[in-house]
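Student: Hey, got a minute to go through this one with me? I'd like to start with the ring pairs.

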Amino acid sequence: MFEEVFLLGALTRGLRQWGLGLAVGLPILLRLLYHTYQGPLGAISVVAFGLTVTAVYVKTGRLWPSVYAHILADVIPMAVWGADRKSTRLNSSHEWISRM
């Protein structure tokens, strides 16, 4: 929820006065930077996911659809592949995208 509230609700909305490119680009870059541990395939899915939730937010002005999408993106892999990995969190919370 932090990502959506901070990146979309604060940064995207706050940076909108300096143009849509900056308002979308900087939050996507920040999202990507703190997901670098997911590797190259993870980076692609993080950018795709970030662009999708950002587009929904820019079009609707509502955070909840993006929050729900992020929750699902974290919960679905846990439900499908389980939490029986080295840690209780999957190596990539968006790993299910790269497996498709």
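Student: So how many aromatic pairs are there?
Tutor: The count comes to 2 aromatic pairs. Rings of Phe, Tyr and Trp (its six-membered ring) pair if their centres lie within 6.5 Å; planes under 30 degrees apart count as stacked, over 60 as edge-to-face and the rest as tilted. Keep in mind that this is a predicted model, where local features need pLDDT of at least 70, side-chain atom pairs count only at pLDDT 80 or more, and totals for chains, interfaces and linings use all residues. Residues are numbered from 1 along each chain as its sequence is written, and side-chain values use heavy atoms, with hydrogens and water left out.

Student: Why do F2 and F6 count as stacked?
Tutor: Their ring centres are 5.4 Å apart and the planes sit at 5 degrees, so the pair is stacked.

Student: And where do F2 and F6 lie?
Tutor: Both are in helix α1 (residues 2–15), 4 residues apart, about one turn of the helix. Helices here are DSSP runs (H or I, at least four residues), numbered from the N terminus, and strands are E runs of at least two.

Student: New topic: how many salt bridges does the structure hold?
Tutor: There are 2, each a side-chain nitrogen of Lys or Arg within 4 Å of a carboxyl oxygen of Asp or Glu. E3 meets R31 at 3.1 Å, N to O. That pair links distant parts of the chain, with E3 in helix α1 and R31 in helix α2 (residues 20–33), 28 residues apart.

Student: What about R31 and E4?
Tutor: Their side chains also form a salt bridge, 3.1 Å from N to O. Salt bridges that share partners join E3, E4 and R31 into one network.
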